[in-house]
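Reader: Please take a close look at one part of this model, the salt bridges, and set them in the context of the whole chain. Cut-offs should be stated where terms come up.

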Amino acid sequence: MTGKLFDVPRRALAGLCALLALAGVIMLTAMADSTMQPLPASAPDGEFSAERALRHLERFATEPRPIGSRAGERARDYLTGQLRAAGLDVRVQRAIGANTSAGLASFGQVHNIVATAKGSDPTGTVVIAAHYDSAAMGPGASDDAAAVAAMLETVRALKGTALRNDLVLLMSDGEEDGVLGAEAFVREHPLGRKGGVLLNWEARGVSGPSLMFQTSRNNAGLVETFADAVPHPRGDSTLGELYRLLPNNTDFTPMAGSGFTGMNFAYIEGSSRYHTADDSLAHLDRGSLQHHGSNMLALTRALGGADLGAPAADHDLTYFRIFGTMVTYPNALVWPLAGLAAAAVAGLAMLARRRRLLSLPRLAVAAVSGVVPLLLAAALAQGLWEVLVAWRPAYDGMGGLLHRPQAFQAAVVVLAALALLCWYLPLRRRLGPAALAVGALAWPAALGLLCAQVAPGMSYVLTLPALFCALGGTAAILPRGAAPRVPAPQVPAPQVPAPQMAAPQMAAPQMAAPQMAARHAAVLQVTSVTLGAVVAAALLPALARTAFDGMGLALGGMPALVLAVFGLMVLPIVELCLPERRQSLVPLAAAGLAVLLVPIGLARDGFDPANPLRTHLAYVMDAGTRTASWVSADPEPPAWTRRYVSGHDTAPLPPGYARGTSLWTGRAPAAPGAAEPRVTVLGRDGDTVRLRVTAGRAARSVTLRVERPIAAATATATGMTPVSVDVTGVRANTWPGEIRFRGLPATGAEISLRVPGADRFRLTAVAETDGLQRVPGFVPRPKGVVAATREDGDLVAVTRTYEIGAR
């Protein structure tokens, strides 16, 4: 039994029509997920205007604002002035923020702007949060100045509105260096310890809709408020599950961990400009700013007037948009829906077995082998990325977030189709199209069950398509063999000659009814299968598109996997589109198209002033020996960088400075007057050493690298509460222990570190000053070249190495 689920006349035309219908669904879904049109400054006072918010950005978001910088101080003065002029009570929290990762303790002096407005009859507190610092490489117009400007415009639009609940605006500092400001806020500030409902705003690109991509636990009330209050809600519960896979965090992370409930928003398109000089006003999508602000204003009004003291929901909601409508349901339905999808697939299998379209052994083999196209699609996509990086090493520094990746993304789509065909065609004759089509649905159904257990918010994107595809397939084969037969009429004995009885006009009416019935049955079968695949077409390609935007081609295996799952669900339509003969030419054509798209993509995604190349360069000098070097971590430095580096000799670098195994280096002149670090041992108690660290007047930060692993660190500075953290693990490709202090006060800081089992060890202190202009002979980057996002780039690093001995 190796039959098809169904077959129809003019199968190629029917398959093409079905594919066009699904393509239309995909396009309509993409259009429905677009952002908003920006409103001009003439918009009504009670509405959010992107143009009005843009005026603030022009005042404070035109230069980099890293923690501890003069530009950050200027931005802080402007923002506090605007908030006070709006009538809010404004305070600046000065504190030390802290964070840890493997082998690393990060500290920083932060200046959080905290503005408050009392509610008329408060039942709780609404906190709007965004960070006003930026990465050192760019002005951060999107990340995160757009949200800060939106806060100012929201306050203006709320003028005259009496909110019931207290309102807090937190403009945090030091987010880019490890969410230091938010950590200090929840640890030390009374409002941070009080808790409330948090609305946090971010960006990981320069365009796209404002997505609600993360919530706190037991989010039912929040999601319902979001769906009801926001005029153009975007985002789904899948994003929160995917976000957990990424090594990222935002200010939402420490605040949610300290008891705040809330939602996290960001736009993520145009991510090739993230953390670079091109995160600027010129590239900021005004529609994204409008969407951010409209959502912020609507939610502030809704939550500002809500009863926040009512009992909180004790469950989560699954939420997503389909055909422009926000769908929500409690996670209590996740398991029943996953089970219903599995039951629908099993029911389709039983019906197909009764129709003798497949056998159970063939079905089992088809189901088990369905993992092959999934793994193959992911492997091919990851292999494509390796080919691209080998051909153009500069892509590696972009993390897969390319300027114009469309041709490469199309290649991933084709590779997913190729993986599907390479599995389907060889097994088609042996197992039969019906067994493969039904067996393929076992994978989304099974993965939906798995997600119901480990990632409930993501289960719908698998279970609902599997359910509807199974129902569509069932509807398609139910009429099989049941087409009505037209009985032959009882004709009395003929009274005319035989030739008259055999006249052709008598046969036509008798054949028309069966033919018409068969044609109607074929239309119903194709329609049933196509309608069954509509939900898959609306959800899965959109998820793949989001994965492309958020993860880039470096993790192209994820969208390829999603696309392969979608392919498994539309196998009956694929079967209609396959030619009757020479079917092996189809995968060859797909392979050829994928290969062709690579040079097309390379040609289209070249670097130019509008889409610049990234390159890493730093200057490092040993203050003791006055030996200086240029350093680059680029795999293949471009022409500008090769002015400074020429080989891989890391011997001249100070002890413990090198991080990485393939650094490029070159000799450099000594930089006169560069800020130098000073470390004084204040005392030692067993494994714990207490140090006084300064870095010179111009230096913004200091880094201590230790040749032995560290277990704990404490930092304090004049007028600030000491902060202690435990440290586990070791740093990779450098000395195992590291301590950073960003925004170091001019008077320095006191740092204690615990180095277990080390009587004596070396410590290299690195004073870090932004910009390379002070170095003799430095020539600025030309147009079309920007600084890479590595945190030690474009720094003058002056080092001193100390021998710390037993007391």
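Author: The answer below goes from the whole chain to the salt bridges, and then to a helix and a surface patch.

This is a predicted model, in which local features need pLDDT of at least 70 and side-chain atom pairs count only at pLDDT 80 or more, while totals for chains, interfaces and linings use all residues. Residues are numbered from 1 along each chain as its sequence is written, and side-chain values use heavy atoms, with hydrogens and water left out.

The protein chain has 807 residues, and 56% of them count as buried (under 20% relative accessible area with a 1.4 Å probe, protein chains only; exposed is over 50%, and partly exposed is in between). Its secondary structure comes to 21 helices and 23 strands (DSSP runs numbered from the N terminus: H or I of at least four residues for helices, E of at least two for strands). Along the principal axes, the C-alpha atoms fill a box of roughly 125 × 65 × 50 Å. Among contacts with a separation of 6 or more, 82% are between residues 24 or more positions apart; contact means heavy atoms within 4.5 Å.

On charge, the protein chain has 71 positive and 60 negative side chains, and the centres of the two sets lie 7 Å apart. Here Lys and Arg count as positive and Asp and Glu as negative, with His and the chain ends not counted; each charge is placed at NZ of Lys, CZ of Arg, CG of Asp or CD of Glu.

The structure holds 33 salt bridges, each a side-chain nitrogen of Lys or Arg within 4 Å of a carboxyl oxygen of Asp or Glu. One of them joins arginine 70 and glutamate 73, at 3.7 Å, N to O. Both residues lie in helix 3 (residues 70-85), three residues apart, about one turn of the helix. An α-helix has 3.6 residues a turn, so residues three or four places apart point the same way. Arginine 70 counts as exposed because its relative accessibility is 60%, and glutamate 73 as partly exposed because its value is 36%.

Arginine 762 and glutamate 707 meet in another salt bridge, at 3.3 Å, N to O. This pair links distant parts of the chain: arginine 762 is in strand 21 (residues 761-770), and glutamate 707 is in the loop between strand 16 (701-706) and strand 17 (712-716), 55 residues apart. Arginine 762 is partly exposed at 30%, and glutamate 707 is partly exposed at 25%.

For arginine 760 and glutamate 803 the N to O distance is 4.0 Å. Arginine 760 is in the loop between strand 20 (749-754) and strand 21, and glutamate 803 is in strand 23 (residues 795-804), so the pair ties together parts 43 residues apart in sequence. Salt bridges with shared partners also join Arg659, Arg705, Arg731, Glu738, Arg740 and Glu791 into one network.

Helix 12 (residues 360-369) offers a buried setting: Leu363, Ala366, Ala367 and Ser369 are buried there. These buried residues pack against helix 11 (334-354), helix 13 (371-391), helix 14 (406-431) and helix 15 (433-454). Glycine 439, in helix 15, counts as buried because its relative accessibility is 1%. Leaving aside neighbours within four places in sequence, glycine 439 is in contact with Leu363, Ala366 and Ala367.

At the surface, leucine 20 of helix 1 (residues 11-32) counts as exposed because its relative accessibility is 56%.
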